Amino acid sequence: MIEVNEPQVWTLIGVFAASMVGMITVMTQLMMRTLSAKFDTVNERIDGLRTEMVLRFDSVEGRMDRLETRMDRLETRMDRLETRAERIEKRVDDIDRDVQAISKRVFPE
């Protein structure tokens, strides 16, 4: 039976320990490279999505600007219609006053 104090046993223990440390080092490096590659892929996708979102937001902003311009034109038209309605209402009030004056002359109480 081989005892632990013999040089061959310590050599085998050293070789085993060195091979384990080497294997752990290689596995760690491979895992780090794989994770790094995956993160690069995810970053590229995120950058693509960011670019797409910026383009879409710019498109929506352009649409909103056009809508705001249309709303301003509509508001101007509504103001003109309101002014016209006020003038028409004043004319109707004047006509009503005139009709009442005529009816008082034609049909005295």
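Helices are DSSP runs of H or I, at least four residues long, numbered from the N terminus. Glutamate 61 has its place in one of them, helix H1. The model is a predicted one. The protein chain holds one helix and zero strands. Its radius of gyration is 45 Å, well over the 13 Å that the globule rule gives for 109 residues, so the chain is more spread out than a compact globule.

**Overall form**

- Helix H1 covers residues 7-106.
- Taken along the principal axes, the C-alpha atoms of the protein chain fill a box of roughly 145 × 30 × 10 Å.
- Of the 109 residues, 1% count as buried.
- The protein chain exposes about 10900 Å². Carbon and sulfur atoms supply 63% of that area.
- The protein chain carries 18 positive and 21 negative charges. The mean positions of the two sets lie 10 Å apart.

**Distances along the chain**

- Asparagine 43 and aspartate 58 are 15 residues apart along the chain. Their C-alpha atoms are separated by 22 Å.
- Asparagine 43 is found in helix H1. Its relative accessible area is 42%, so asparagine 43 is partly exposed.
- Arginine 105 and methionine 71 are 34 residues apart in sequence. From C-alpha to C-alpha they are 50 Å apart in space.
- Arginine 105 also has its place in helix H1. At 76% relative accessibility, arginine 105 counts as exposed.

**Salt bridges**

- The count comes to five salt bridges.
- Arginine 56 pairs with glutamate 52 in one salt bridge. The closest N and O atoms of this pair are 3.1 Å apart.
- Both arginine 56 and glutamate 52 lie in helix H1. They are four residues apart, about one turn of the helix.
- Arginine 56 is exposed, because its relative accessible area of 55% is over the 50% cut-off. Glutamate 52 is partly exposed, with 38% relative accessibility.
- Aspartate 94 and lysine 90 meet through their side chains in a salt bridge, at 3.5 Å from N to O.
- Aspartate 94 and lysine 90 are four residues apart in helix H1, about one turn of the helix.
- Lysine 90 counts as exposed, at 52% relative accessibility. Aspartate 94 counts as partly exposed, at 24%.
- The side chain of aspartate 94 also meets that of arginine 97 in a salt bridge, at 3.6 Å from N to O.
- Aspartate 94 and arginine 97 are three residues apart in helix H1, so about one helical turn separates them.
- Salt bridges with shared partners join Lys90, Asp94, Arg97 and Asp98 into one network.

**Charged surface patches**

- A patch of positive charge gathers Arg63, Arg66, Arg70, Arg73, Arg77, Arg80, Arg84, Arg87 and Arg91 on the surface.
- Among these arginines, arginine 84 lies in helix H1.
- A negative surface patch is formed by Asp58, Glu61, Asp65, Glu68, Asp72, Glu75, Asp79, Glu82, Glu86, Glu89, Asp93 and Asp96.
- Glutamate 61, one of the residues in the negative patch, is partly exposed, with a relative accessible area of 48%.
- Why can glutamate 61 belong to a patch? Patches take residues with over 30% relative accessible area and no salt bridge. Glutamate 61 meets the area cut-off because its relative accessible area is 48%.
- Aspartate 58 is another residue of the negative patch. The C-alpha atom of aspartate 58 is separated from that of asparagine 43 by 22 Å.

**Nonpolar surface patch**

- Val60, Met64, Leu67, Met71, Leu74, Met78 and Leu81 form a nonpolar patch on the surface. Together they have about 660 Å² of accessible area.
- Leucine 74, one of these residues, lies in helix H1.
- Leucine 74 is partly exposed, with a relative accessible area of 44%.
- Methionine 71 belongs to the nonpolar patch. Its C-alpha atom is 50 Å from that of arginine 105.

Technical notes
Residues numbered from 1 in each chain as written. Predicted model: local features only at pLDDT ≥ 70, side-chain atom pairs only at ≥ 80, totals over all residues. Heavy atoms only, no water. Patch = residues over 30% accessible without salt bridge, like charges linked within 9 Å, V, L, I, M, F, W, Y side chains within 5 Å. Areas by Shrake-Rupley, 256 points an atom, 1.4 Å probe, with all protein chains shown as cover. Salt bridge = Lys/Arg side-chain N within 4 Å of Asp/Glu carboxyl O. Lys, Arg positive; Asp, Glu negative; His and termini not counted. Charge placed at Lys NZ, Arg CZ, Asp CG, Glu CD. Helix = DSSP H or I, 4+ residues; strand = E, 2+ residues; numbered from the N terminus. Buried < 20%, exposed > 50% of the residue type's maximum accessible area, 1.4 Å probe, protein only. Rg over C-alpha atoms; globule rule 2.2 N^0.38 Å.
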